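Subject: Handing over the structure

Hello,

Here is the structure I promised to pass on to you. Please open it alongside this message and follow along as you read.

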Amino acid sequence: MSLDHMTAEEVEAGPSVEIGWMVVEPIEEVDREAIESARPHAEERLVELFPTVGGRREYLVNAGGIMGNYLRGQITISAIAAFNVSVALMLFDVPFALLIGLMAGVLNMIPSLGTIITNVIAVLLALIFGDPWLMDAIIVFAVLVAQSILEQSVLSPKILSSSVGLHPVLIILS
């Protein structure tokens, strides 16, 4: 019987599917066991790649904590950016305001390039779907520039300095 004339139930319950599962399940279980058994050794080898300071590697724990705090700060800044852009564009009745705001927040995690991508896509959306198109494009561009200035001069120094433990001036200069 050809596959063209079979129903979905016949394909799902066919003997080749059963044989396939009989072959895949044991392989999957062996792979899972092999990965789990190799994991502690792999973690040890990974840690050994880093140099010691006074015979110890405690700085890895500190660096991991600082990196986690930095990422939490960046996520907070991105969430604030998404909210600010969405609300501002909704106030001006710009089409796709929520989409543009969410895109601004998500792409904010990509340094420099995320802002450029957000500006290009958002202005194109305003040019295509805006009414009047030029006014919406100008509003979108102005809101995104204002959010970028707010983020770089107020949000990032304040939030990242408290989460990472650096002075706000160092955050601005970085």
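Below is what I found in it, from the overall fold down to single residues.

Please keep in mind that this is a predicted model.

The overall picture

The chain has seven helices and zero strands, so you can read its pattern along the sequence as α-α-α-α-α-α-α. It has 174 residues, and 26% of them count as buried. Its accessible surface comes to about 12,200 Å², with 70% of that belonging to carbon and sulfur atoms. If you look at contacts between residues at least 6 apart in sequence, 47% of them join residues at least 24 apart.

The nonpolar cores

A good place to start inside is the largest nonpolar core, which has 18 residues. The residues with the most contacts inside this core are Val85, Leu89, Ile100, Ala122, Val140, Val143 and Leu144. Four helices each give two or more residues to the core: H3 (59-91), H4 (97-107), H5 (113-129) and H6 (133-164). Another core lies apart from it and has five residues, among them Ile77, Ile159, Leu160 and Ile171.

Leu144 is a nice residue to click on in the 18-residue core. Leaving aside residues up to four places away in sequence, Leu144 touches Val85, Ala104, Thr118, Asn119 and Ala122.

Helix H4 and Gly101

Which helices do the buried residues of H4 pack against? They pack against H3, H5 and H6. The buried residues of H4 themselves are Ala97, Ile100, Gly101, Met103, Ala104, Gly105 and Leu107.

One of these, Gly101, is worth a closer look. Gly101 has a relative accessible area of 0%, and because the cut-off for buried is under 20%, this glycine counts as buried. Not counting residues up to four places away in sequence, Gly101 touches Ala82, Val85 and Ser86. The C-alpha atoms of Gly101 and Asn84 are separated by 7.5 Å, and these two residues are 17 residues apart along the chain.

Gln147 and its polar partner

Asn84 turns up again with Gln147, as a polar contact of 3.1 Å joins the side chains of these two residues. Gln147 sits in helix H6. Is Gln147 buried or exposed? Its relative accessible area is 8%, so Gln147 is buried. Beyond residues up to four places away in sequence, Gln147 touches Ala81, Asn84, Val85 and Leu155. Val85 may look familiar here, since it is also listed among the residues with the most contacts inside the largest nonpolar core.

The aromatic pair

Finally, the structure holds one aromatic pair. The ring centres of Phe96 and Phe129 are 5.0 Å apart and the ring planes are at 70°, so the pair is edge-to-face. This pair links distant parts of the chain: Phe96 is in the loop between H3 and H4, Phe129 is in helix H5, and the two are 33 residues apart.

How exposed are the two rings' residues? Phe96 counts as partly exposed at 40% relative accessibility. Phe129 is partly exposed too, with a relative accessible area of 45%.

I hope you enjoy exploring it.

Best wishes

Technical notes
Residues are numbered from 1 along each chain as its sequence is written. This is a predicted model: local features need pLDDT of at least 70, side-chain atom pairs count only at pLDDT 80 or more; totals for chains, interfaces and linings use all residues. Side-chain values use heavy atoms; hydrogens and water are left out. Buried means under 20% relative accessible area, exposed over 50%, partly exposed in between (1.4 Å probe, protein chains only). Contact means heavy atoms within 4.5 Å. Accessible areas come from the Shrake-Rupley method with a 1.4 Å probe; for residues, only the protein chains shown count as cover. A nonpolar core is a set of buried Ala, Val, Leu, Ile, Met, Phe, Trp, Tyr and Cys residues joined through side-chain atoms within 4.5 Å. A polar contact is a pair of N or O atoms within 3.5 Å; within protein, one must be able to donate a hydrogen and the other to accept it, and residues adjacent in sequence count only if both atoms are side-chain atoms. Rings of Phe, Tyr and Trp (its six-membered ring) pair if their centres lie within 6.5 Å; planes under 30 degrees apart count as stacked, over 60 as edge-to-face and the rest as tilted.
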